[in-house]
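User: Please work through the model below in a series of questions, with the reasoning set out for each answer.

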Amino acid sequence: MPSRQHSPMSHSARLRRAEALNARYEGSQPWEIIERVVREEFPADAAVISSFGEESVVLLHMVASVDPTTPVVFLDTGYQFEETLAYRDRLIETLGLIQVISAEPDAEQLAAEDPGGLLHRRDANFCCHLRKTLPMLRAVRGYGALLTGRKRFQSTTRAALPLFEVQDSWIKVNPLALMSRQEIEAYAELHRLPRHPLVRQGYRSIGCRPCTVPVKPGDDDRAGRWPGLEKTECGIHFGAPGQPVRRASPQRQDGR
Ligand code: SF4
């Protein structure tokens, strides 16, 4: 990936810009927002963050329809389900994505901090910091706008998600924020998009293998993430200033 420079915009200017973008695109369709963001608002300065999870295909299809060369950053934590990796490869081929970037943890840091690979049991926050937040920060540091596939219906913590928001040095764009589950499903069906194979097994929010379980009917989509812990976000979408995190999580109750 070429080395990129950060936008020199100040934090307050970024906040004003996000506010103006929210006003400008209120009521717009998700694909219109994506097209305008990629082509006009942040030309050559926008990247997609994707887990290649259960509903990622909808955002990726919209992005690929606008410009398949748009960079897509995928976090390869080392704990992805085999099904997710196979699904990622399938979507790259099916959608014709040209630039999928794998963000991986630093091997030396992992060897020092998580030699046995069981950090997720002792301290899930720190594990996410090493395996997700830091690699993601390294991968996206040169972009001004980051497109995500988050939706309001996914959880109570995302119920007020705006279309545009500021996180640290980035403007985050959530073009699907207001779509309902039914609209997501209808879009996927209309375009005959392949679905993540684990959805058939009851998974509705798919992350790392040790920290993801299927959910029960009626639960939040994200209830299957970090079962037994109060943790709800990994640090990519929740205040990630890039500083080391060492807050021990409560012990898991499920022995995972
Ligand atoms: S989701 Fe679990 S395994 Fe993955 S980085 Fe976070 S704590 Fe570690």
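The following exchange concerns a predicted model and proceeds from the overall fold to individual residues.

User: In what order do helices and strands follow one another along the sequence of the protein?
Analyst: The secondary structure of this predicted protein amounts to eight helices and six strands. Read along the sequence, these elements give the pattern α-α-β-α-β-α-β-α-α-α-β-β-β-α.

User: Among contacts between residues at least 6 apart in sequence, what percentage join residues at least 24 apart?
Analyst: The protein has 256 residues, of which 38% are buried. Among its contacts between residues at least 6 apart in sequence, the share that joins residues at least 24 apart is 75%.

User: Is strand E1 largely enclosed or not?
Analyst: On one side of E1, Ala-46, Val-48 and Ser-50 are buried, and on the other side Ala-47 and Ile-49 are buried, which leaves both faces covered. This agrees with a general pattern: side chains in a regular strand alternate between the two faces of the sheet. Because five of the five residues of E1 (residues 46-50) are buried, the strand is largely enclosed by the rest of the structure.

User: Which residue in E4 stands opposite Ala-47?
Analyst: E1 and strand E4 (residues 145-147) run parallel and are joined by three bridges. Within this pairing, the residue of E4 opposite Ala-47 is Leu-146.

User: Which residue in E2 is the bridge partner of Ser-50?
Analyst: Three bridges also join E1 to strand E2 (residues 72-75), and these two strands run parallel. In E2, the partner of Ser-50 is Phe-74.

User: What is the handedness of the β-α-β crossover from E1 to E2?
Analyst: The pairing of E1 with E2 has Ser-50 bridged to Phe-74. Between these strands the chain passes through H3, and the resulting β-α-β crossover is right-handed.

User: Which residue in E3 is the bridge partner of Leu-75, and what is the handedness of the crossover from E2 to E3?
Analyst: E2 is joined to strand E3 (residues 100-103) by four bridges, and the two run parallel. The partner of Leu-75 in E3 is Ala-103. The chain crosses from E2 to E3 through H4, and this β-α-β crossover is right-handed.

User: How many residues of the largest nonpolar core come from helix H3?
Analyst: The largest nonpolar core has 46 residues, and those with the most contacts inside it include Val-37, Leu-60, Val-73 and Val-173. Helix H3 (residues 56-66) supplies the largest share of this core, and its contribution is seven residues.

User: Against which elements do the buried residues of H3 pack?
Analyst: H3 is mostly covered, with eight of its 11 residues buried. Among the buried residues are Val-57, Leu-60 and Met-62. The buried residues of H3 pack against helix H2 (30-41), E1, E2, helix H4 (82-95), E4 and helix H8 (181-190).

User: Which residues does Leu-146 touch, not counting those up to four places away in sequence?
Analyst: Leu-146 is one of the residues with the most contacts inside the largest nonpolar core. Leaving out residues up to four places away in sequence, Leu-146 touches Ala-47, Ile-49, Val-140, Trp-170, Lys-172 and Val-173.

User: Which helix gives the largest share of the shell around the ligand?
Analyst: The ligand is surrounded by 13 residues, the closest being Cys-127, Cys-128, Arg-131, Cys-208 and Cys-211. The shell divides into eight nonpolar, three polar and two charged residues. Its largest share, five residues, comes from helix H7 (residues 124-140).

User: Is Leu-134 buried or exposed?
Analyst: Leu-134 is placed in helix H7, where it touches Asp-106 and His-129, not counting residues up to four places away in sequence. Leu-134 and Ala-103 are 31 residues apart in sequence and 9.1 Å apart in space, C-alpha to C-alpha. Because Leu-134 has 20 C-beta neighbours inside 10 Å, it counts as buried.

User: Is Ala-44 buried or exposed?
Analyst: Ala-44 lies in the loop between H2 and E1. Its phi is positive, about 60 degrees, although Ala-44 is not a glycine. Because Ala-44 has 12 C-beta neighbours inside 10 Å, it counts as exposed.

User: Is Arg-192 buried or exposed?
Analyst: Arg-192 is found in the segment after H8, and its phi is near 50 degrees, a positive value in a residue other than glycine. Since 7 C-beta neighbours lie inside 10 Å, Arg-192 counts as exposed.

Methods
Residues are numbered from 1 along each chain as its sequence is written. This is a predicted model: local features need pLDDT of at least 70, side-chain atom pairs count only at pLDDT 80 or more; totals for chains, interfaces and linings use all residues. A nonpolar core is a set of buried Ala, Val, Leu, Ile, Met, Phe, Trp, Tyr and Cys residues joined through C-beta atoms within 7 Å. Two residues are in contact if their C-beta atoms, placed from the backbone, lie within 7 Å. Two strands pair if DSSP finds at least two bridges between them. A crossover is right-handed if, with the strands pointing away from the viewer, the path from the first strand over the helix to the second runs clockwise. A residue is near a molecule or strand if its C-beta atom, placed from the backbone, lies within 6 Å of it. Ala, Val, Leu, Ile, Met, Phe, Trp, Tyr, Cys and Pro count as nonpolar, Asp, Glu, Lys and Arg as charged, and the others, Gly among them, as polar.
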